[in-house]
Amino acid sequence: MDRAICPPLILVTMLLKDKVTIITGATRGIGKAIAVRFAQEGSHIAFCGRSRGEQMTAVENELQALGVKAKGYVADVSNLESCQQFVAQVLEDFGHLDCLINNAGITDDAAIKRMTEAQWDNVLNNDLKSVFFMTKSVQPAMWKQGFGSIVNISSVVGIGGNLNQANYAAAKAGIIGFTKTAVKEMGARNIRINVVAPGFIMTEMTGEIPEQMKQYWQTRIPLRRPGTPNEVANACLYYASELGSYNTGDVMHLCGGMEDA
């Protein structure tokens with residue numbers, strides 16, 4: 001008598017059930033995709049934006065519909081005091097903190113010979129200082145509890161550079177250098193810090209790029225397509241969850257094999 005062949009038992013569990021994650025810049029694009037993906041895996045979400053409006057409320061409602069607690073906060077991540085107040089309020093509202101995703105960032109492009117000091121400072125403050133300020137703000141709570149995960153969103157531009165983006169490239173490269181140092185200072189307390197460096201990701205911002213330029217970028221990508229925000233979110237999920245429990249100091253090039261990345 002033939003024995004029935006049974007498929008292996010697969011246990012489906014939420015990777016972030018009852019965790020609390022802070023995500024900066026999560027009202028749209030990559031940040032929103034990360035928030036949705038983490039909520040699908042059971043994480044409660046605290047996120048911030050520059051202002052409270054319909055967009056922030058809509059994201060709150062979308063996340064809450066997934067069965068988690070979610071709250072948006074107005075915070076200026078380029079200001080240390082604002083970051084500290086944001087984190088303190090999250091700890092008061094949610095009770096604890098497991099993960100930080102440093103995603104907030106802007107661009108303000110110009111050739112070096114035309115770039116103003118204000119353009120330089122604007123991008124460095126929002127894209128690099130914010131990572132320092134938010135990391136500094138969550139460190140005490142993570143240090144006290146003896147664990148935590150931080151994922152910093154950099155860019156392949158911070159690795160290979162890009163025309164007219166000296167300020168952005170410097171900020172995103174700085175994130176990598178900052179991370180490499182932070183892991184040495186915080187690893188003893190089981191605080192893991194990793195970097196995801198996306199390439200050409202199709203978002204609202206990149207959607208405004210002229211079609212000819214999009215085609216040019218795609219010719220530099222062996223996979224011949226842009227990435228999606230959800231693919232970035234999945235990379236962050238790996239590092240934030242137990243799937244990446246022995247990863248710290250990584251720089252993931254999420255770019256489809258893009259040249260110079």
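Trainee: Over how many bridges do β1 and β2 pair in the parallel sense?

Mentor: This is a predicted model, in which local features need pLDDT of at least 70, side-chain atom pairs count only at pLDDT 80 or more, and totals for chains, interfaces and linings use all residues. Residues are numbered from 1 along each chain as its sequence is written, and side-chain values use heavy atoms, with hydrogens and water left out. Strands (E, at least two residues) and helices (H or I, at least four) are DSSP runs numbered from the N terminus, and two strands pair if DSSP finds at least two bridges between them. In β2, I45 is the bridge partner of T21, and β1 and β2 pair in the parallel sense over a total of 5 bridges.

Trainee: Thanks! Which strands stand at the edges of the sheet?

Mentor: The open sheet has 7 strands with parallel pairing, in the order β3-β2-β1-β4-β5-β6-β7. An edge strand has a single partner, so one side of it is left without a neighbour in the sheet; that is the case for β3 (70–74) and β7 (251–254).

Trainee: By how many degrees are neighbouring strands of this sheet turned against each other on average?

Mentor: Axes here are lines fitted to C-alpha atoms, for helices over the stretch in contact, and angles run from 0 to 180 degrees between N-to-C directions. For the strands of this sheet, direction is ignored, and the average turn between neighbours is 15 degrees.

Trainee: Which residue of β5 is the bridge partner of C99?

Mentor: Look at β4 (residues 99–102) and β5 (residues 148–153), which pair in the parallel sense over 4 bridges. On the β5 side, the bridge partner of C99 is S149.

Trainee: How many residues of β2 are buried, and which of them point the same way as H44?

Mentor: Buried means under 20% relative accessible area, exposed means over 50%, and partly exposed is in between (1.4 Å probe, protein chains only). In a regular strand the side chains alternate between the two faces of the sheet. In β2, I45, F47 and G49 point one way and H44 the other; the buried count is 6 of 6, and H44 shares its direction with A46 and C48.

Trainee: At about what angle does helix α1 run to β1?

Mentor: Two helices are worth viewing together here. Helix α3 (residues 80–94) lies across β1, β2 and β3, at about 155 degrees to β3. Helix α1 (residues 29–40) lies across β1 (20–24), β2 (44–49), β4 and β5, and its angle to β1 is about 170 degrees.

Trainee: R37 is in helix α1, but is it buried or exposed?

Mentor: Contact means heavy atoms within 4.5 Å. Not counting residues up to four places away in sequence, R37 touches N230, A233, N234 and L237. Its relative accessibility is 17%, so R37 counts as buried.

Trainee: What does T27 contact, leaving aside its neighbours within four places in sequence?

Mentor: T27 sits in the loop between β1 and α1. With 17% relative accessibility, T27 is buried. Its contacts are K32, F47, G49, Q55, M56 and V59.

Trainee: And what is the relative accessible area of I221?

Mentor: Find I221 in the loop between α7 (211–219) and α8 (229–240). Leaving aside neighbours within four places in sequence, I221 is in contact with F200, C255, G256 and M258. I221 is buried, and its relative accessible area is 1%.

Trainee: What is the phi of D18 near?

Mentor: D18 is in the segment before β1. At 45% relative accessibility, D18 counts as partly exposed. Its phi is positive in a residue other than glycine, near 65 degrees.

Trainee: Last one: which residues lie nearest the centre of the second largest pocket?

Mentor: On a 1 Å grid over the protein atoms alone, a pocket is an open set of points where a 1.4 Å probe fits, with protein on both sides within 12 Å along at least five of seven lines, and lining residues have an atom within 4 Å of a point. Points are joined across faces, edges and corners, and the volume is the space filled by probe spheres set on them; here that is about 250 Å³. Of the 14 lining residues, the ones nearest the centre are K19, F147, R192, A240 and E242.
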